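Welcome! Please work through a few short exercises with me, each followed by a worked solution.

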Amino acid sequence: MNKIPNRQVICDVLMEQASENKDIVVACSDSRGSASLALFADAFPKQFVEVGIAEQNLVSISAGLASCGKRVFAASPACFLSSRSLEQAKVDVAYSNTNVTLIGISGGVSYGALGMTHHSAQDIAAMSSLPNMRVYLPSDRLQTKHLMEALCKDNKPAYVRVGRNPVEDVYEEGNVPFEMDRATVLSEGNDVAIIACGEMVHPAKEAGRLLEEKGIHATVLDMYCVKPIDKAAVVKAATNAKVVITVEEHTYIGGLGTMVDQIVCSECPKKVINLGLPDSPVITGKSQEVFDYYGLNGEGIAKKAEELLSK
Amino acid sequence: MNLSVKANELRKDVIQLIYDAKGGHIGGDLSVMDILVTLYYEQMNVDPAKMDDPNRDRFILSKGHSVESLYTILADKGFFPKEDLDTYSQFGSKYIGHPNNKINGIEMNSGSLGHGLPVAIGMALAGKMDNASYRTYVVMGDGELAEGSVWEGAMAASHFKLDNLCAVIDRNRLQISGSTEDVMAHEDLKKRWEAFNWYVLDIDGNDTEALSAAFEEAKELKGRPTMILANTTKGCGVSFIENRANWHHKVPTDAELAGALKELDQKILKGGR
């Protein structure tokens, strides 16, 4: 099991880039520890802004900094960043088109037993609905590195969600296929298409492996770019498959699943099942316990695929 | 330049603009005009041809609904052709009812209240990081002060010791539902901002000389942001609009238009307020 959480990789990339690019600024809302950015704050005090527990301030101040030439990365727990400061994200970042990347840390149900206040099971829906906002959920530490390096080089608003805990590697060191805003195809098969994002990519890949053992061939897509979604990849995967399954650590309303539904319905109609979290506060538990309870693991996804194919 | 005369000339443009478009926030436009004129015609280093100059002064109209005032100033100063304003509020126009940074001269979109101060703090902070000489100005409304994010900003600006930031409150004491003090009382504003460690100047906000002096004083201050409490008259310049909450966004009739322009012409002839 990999021991490095994605948030740690974000700090590593930002430190690397900040030493070369003095316009890079990291802003936190008493979140430097939970974002693994304390090292950055210590190493680059002149490129670090602390606003205290004030997410609205965090996002607006970041936008102001960006409008004056700074390349700003604002990190705060995804639950607060995507709701408390949603209007600042809408107006000051997305609408004003400022060069700010919002980093939602400890996303989804990472905070486990802390409860619904600390869960962000709505952030994909909220952020994706803002015109001009891009939404990324990298699947593992290796892809996170590529994504962050790409974001450091561009100048458009974005929201990145990562979890709190280390996750299993989806890719192998030195072999991480990555193209900006293009889904990564993990396997190809013509029975079922499994499209996942973020921490759900690893179980989706595992489901593909379990299905293959039973002679069921799955296309598995890592749709880290939830918005702009890779429409061509969705159409291709869905066209070649009998059924489509989406998997996300998010309410099944308004997230990746909904976007895939819209594409498949209009381009290549067939049955799509959206796996995700319920439209209610999730059960108390650690991430993996919660995922297992809702069938968001390799076995659960594979079982759902078998059920659908046997109908 | 006689700034009071300029303000009254632009008040005429604003009223005409709102009459033509059949919409706009006339009361706040007229109260804020002297503040904006003092900034744009005397205080700020902004040049229509050099909006990419990193050392230009930064301005945010946080009370974005007073955009008609800003439009008439930007048009008068050549940020865009005056004829562009013929499209104001019309189908497909970029000249909408709130500031839009697709328009030359406008730094940031605003309109949702309570955003301008924190955004201005980011701009001022960037100036500090770069040891740049530019100043950042933000103009807020008094009704806007009920937004919690304003006070997040109040806290941060003094924490960061932003002496390159000057905020102005257009204290016209009226908002859409009536008196600000009835809707949500703000007294004592001077004490409130001083409690947040701002340097506060309490002045007549329709007096361009008082405004000039206040902006100059703010430039000399070190280690703290300045708040100018600009006590204004909503609807300033037109007797039948002044201090009437129902003129928040009322459109003048033909007779009201003629009457308003006549009153302002008389003030201009007299060379003052």
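The exercises below start with the predicted model as a whole and then move to its sheets, a helix and a single residue.

**Exercise 1. Find out which scores the model has, and what chain B averages in pLDDT.**

Solution. Step one is to remember that this is a predicted model. The model scores ipTM 0.96 and pTM 0.97. Step two turns to chain B, whose average pLDDT is 97. In that chain, 100% of the residues score at least 70.

**Exercise 2. Describe the contact of chain B with chain A: how many residues take part, and which helices of chain B supply them?**

Solution. Begin with the count: 22 residues come from chain A and 21 residues from chain B. Next, look at the side of chain B that touches chain A, where α4 (116-129) and α5 (148-159) of chain B each supply at least two residues. The most comes from α4(B), which gives 10 residues. Finally, sort the residues on this side of chain B by kind: 11 are nonpolar, 8 polar and 2 charged.

**Exercise 3. Work out the strand order of the 7-stranded sheet in chain A, and say why two of its strands have a side without a neighbour.**

Solution. Reading across this open sheet, the order is β2-β1-β3-β4-β6-β5-β10 (chain A), with mixed pairing. At the edges stand β2 (48-50) and β10 of chain A; each has a single partner strand, so one side of each lacks a neighbour in the sheet. From one strand to the next, the twist averages 20°.

Now zoom in on one pair. Strand β1 (residues 24-28) of chain A runs parallel to β2(A), and 3 bridges join them. For example, Cys28(A) has Glu50(A) in β2(A) as its bridge partner. Helix α3 (residues 55-67) of chain A packs on the sheet and touches β1, β2, β3 (71-77) and β4 (100-105) of chain A. The direction of α3(A) makes about 170° with that of β3(A).

**Exercise 4. Do the same for the 5-stranded sheet of chain B: what is its order, and which strands are at the edges?**

Solution. The order in this open sheet is β1-β2-β3-β7-β6 (chain B), and the pairing is parallel. Its edge strands, β1 (58-61) and β6 (199-204) of chain B, each pair on one side only. Direction ignored, neighbouring strands are turned by 15° against each other on average. Inside the sheet, 6 bridges join β2 (residues 136-141) to β3 (residues 165-171) of chain B. One residue to look up is Val138(B), whose bridge partner in β3(B) is Ala167(B).

**Exercise 5. Check the span of helix α10 (residues 256-267) of chain A, then see what its buried residues pack against.**

Solution. The helix has 12 residues, and at 1.5 Å a residue it should span 16 Å. Its end C-alpha atoms are 16 Å apart, which agrees. The buried residues of α10(A) include Leu256(A), Met259(A) and Ile263(A). Among the elements they pack against are α9 (231-240), β11 (243-251) and β12 (272-277) of chain A.

Follow β12(A) a little further: 5 of its 6 residues are buried, so this strand is largely enclosed by the rest of the structure. It runs parallel to β11(A), joined by 5 bridges.

**Exercise 6. Decide how Asp12(A) should be classed: buried, partly exposed or exposed?**

Solution. First locate Asp12(A), which is found in helix α1 (residues 6-20) of chain A. Then count: Asp12(A) has 18 C-beta neighbours inside 10 Å, so it is classed as partly exposed.

Technical notes: Residues are numbered from 1 along each chain as its sequence is written. Chains are lettered from A and ligands numbered from 1 in the order in which they are written. This is a predicted model: local features need pLDDT of at least 70, side-chain atom pairs count only at pLDDT 80 or more; totals for chains, interfaces and linings use all residues. Two residues are in contact if their C-beta atoms, placed from the backbone, lie within 7 Å. Helices (H or I, at least four residues) and strands (E, at least two) are DSSP runs, numbered from the N terminus. Ala, Val, Leu, Ile, Met, Phe, Trp, Tyr, Cys and Pro count as nonpolar, Asp, Glu, Lys and Arg as charged, and the others, Gly among them, as polar. pLDDT is the predictor's confidence in each residue, from 0 to 100. The expected span of a helix is 1.5 Å times one less than its number of residues. A residue is buried if 20 or more other C-beta atoms lie within 10 Å of its own, exposed if 12 or fewer, and partly exposed in between; C-beta atoms are placed from the backbone. Two strands pair if DSSP finds at least two bridges between them. Axes are lines fitted to C-alpha atoms, for helices over the stretch in contact, and angles run from 0 to 180 degrees between N-to-C directions.
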